[in-house]
Each structure stands twice: as structure tokens, then as C-alpha cells.
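Student: I am new to this structure and should be grateful for a close look at one single part of it.

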Amino acid sequence: TRQASANLSAEDVLPIASARLAARNLDICYFLASDIFTSHVPCNPNWGDGTNEGVKRYINELTFETNQMLGVNNLRLTWKGPYERSDPYEASPTNPTQDVLSVSGYGCDAVVFLKFNTFSSDCKTKTSGHEFAGSSVGGMCEQEQGLGYTIIVDQGFLEEAWTGPQILAHHLLLMLTSDLNDTSKTCPLIESLLHPHLYPGEQRIDQCVVEKLNRSEVSLRDCMQNK
């Protein structure tokens, strides 16, 4: 059933360049499929106990770390779900619009489809996976149109850096600036969370991101006003 929900909290975070978002809430609805069972998630002792609560701890930590990257002075992320995709045994969502519409009345500002690379049973070897980190369609508050979602691949850890939160932060920023008609949706510096390529553990909100957020009117949409 689609009733589970949870929130996260943070006390202290590193200072991050802030924009006009002013700590608005961003409500995420997560969708999962069967690939989570052969991913890096069961390999983590904090998450891999084989229970729904373990999966919720994973999602809570993913959301918490993403919020750290975006800055709690900019946004307060909360989440709902996780919900099962309508095609749970497919490698990728085959009809994301259908799933987005199914939760359009649930108060989701953004819908996130989580995908995973496959790890061997020894939890050390990635046996197969997705080459891309993610994609996004539309912006916040567009779920009634079947839009406002991102499909991301949590590729696990690269040395000490967890790639999932960084990839999710990147695509949420793209959705938060989806109304801009800029020639480039990304930012030029490698250190930027909106750089087109992933550099695990090295990217943050920079002045280019702040400038885009300040020009975008996505954060003024009705669903983003519940502070």
C-alpha cells in the first residue's frame, strides 16, 4: 500500500552558498523496483537486514545526505513511500508517467525513481550496471501532468564517497531550475553540483547554481510554499 512516510532532521551542516529558497520543504515520493535486492544496499550493515525498515533507513540516509549537499538553509527534504514501480522486474521504468500519475494526489513535489547497479553476493564486485547516472523530466509540482520526476542510479560508493546523494542533488537542482531558458542547464566548474559530469565527493552548490536558483521561479510554485 502507498501509505508509508518518514521525515528527516539535521542539526548541524557545513555552510553552503544559499539562494532565495529560504528553507522551503521539498517533498519527495520514491519508487523502487526489484533491483534493490541485488544492489549495494543489502551489503550495508545499517540497511541490509532484509526488512522494510532497513530499506526505509537507506532512503532516510539518502535523503539526509542529499539535503546536506543542497543545504538545509535552502531546502528541507522530506519523503514518502517507498512505492513499488508498476514494472518492478524491468531494468528501467517503462512507463514512468503512469507511476507519477498514481501518486499525483499524495503531495509529492518531486518523484524519484531509484535504480541500482548489480553487485555479486560477496558484496565486493559490481557485476553489471547502468552507464548513466540519471535523467530528469519536468520540474517541481508537475505530477498531475505526469511530469516532475527523475530517474537516478545509486551507483554505491566510490572509495569513501557515496554517489547516490550527489546524483540525486544534481537532478533535483535541474528540476528546481527547469523553467530557465538558458543555453546550458549545467555549470562549467568541476566543483559545481550542476556540472554535467559526476566527480564523487568533490562537488557542491557554487555561485553558478545560486544564480540559476535565484532566477528560476520554480520555487514560487504553490506546492513549494509549505515551509
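Student: What is the relative accessible area of Cys141?

Tutor: The relative accessible area of Cys141 is 25%, which makes the residue partly exposed; that class lies between buried, under 20% relative accessible area, and exposed, over 50% (1.4 Å probe, protein chains only). Please note that this is a predicted model, in which local features need pLDDT of at least 70 and side-chain atom pairs count only at pLDDT 80 or more, while totals for chains, interfaces and linings use all residues. Residues are numbered from 1 along each chain as its sequence is written, and side-chain values use heavy atoms, with hydrogens and water left out.

Cys141 sits in the loop between strand E7 (134-137) and E8; helices (H or I, at least four residues) and strands (E, at least two) are DSSP runs, numbered from the N terminus. Although Cys141 is not a glycine, its phi is positive, at about 70°.

The sulfur of Cys141 is bonded to that of Cys223, with an S to S distance of 1.7 Å; a disulfide is here a pair of cysteine sulfur atoms within 2.5 Å. The torsion about this S-S bond is -70°, and the link is left-handed. Distant parts of the chain are thereby linked, 82 residues apart: Cys141 in its loop, and Cys223 in the segment after helix H4 (207-215). Cys223 is also partly exposed, with a relative accessible area of 22%.

This bond is one of three disulfides in the structure. Another joins Cys29 to Cys108, S to S 2.0 Å. Its torsion is about -75°, so this disulfide is left-handed. Because Cys29 lies in strand E2 and Cys108 in the loop between H2 and E4, the pair ties together parts that are 79 residues apart in sequence. Cys29 is buried, at 0% relative accessibility, and Cys108 is buried at 6%.

The remaining pair is Cys187 and Cys208, with sulfur atoms 2.1 Å apart. At a torsion of about -85°, this disulfide is left-handed. Cys187 belongs to the loop between H3 and H4 and Cys208 to helix H4, so parts 21 residues apart in sequence are tied together. Cys187 is buried, with a relative accessible area of 3%, whereas Cys208 is partly exposed at 21%.

The surroundings of the Cys141 loop can be followed a little further. E7 precedes the loop, and residues 134-137 of that strand include three that His171 touches: its partners are Ala133, Gly134, Ser135, Ser136, Thr150 and Ile152, not counting residues up to four places away in sequence. Such a contact means heavy atoms within 4.5 Å. His171 has its place in helix H3 and is buried, with a relative accessible area of 6%. Strand E8 (149-154), together with helix H3 (163-176), is among the elements against which the buried residues of H1 pack.

Finally, the wider setting: the chain has four helices and 10 strands, and 47% of its 227 residues count as buried. Its mean pLDDT is 86, with 85% of the residues at 70 or above; pLDDT is the predictor's confidence in each residue, from 0 to 100. Over residues 1-16, however, the pLDDT is below 50.
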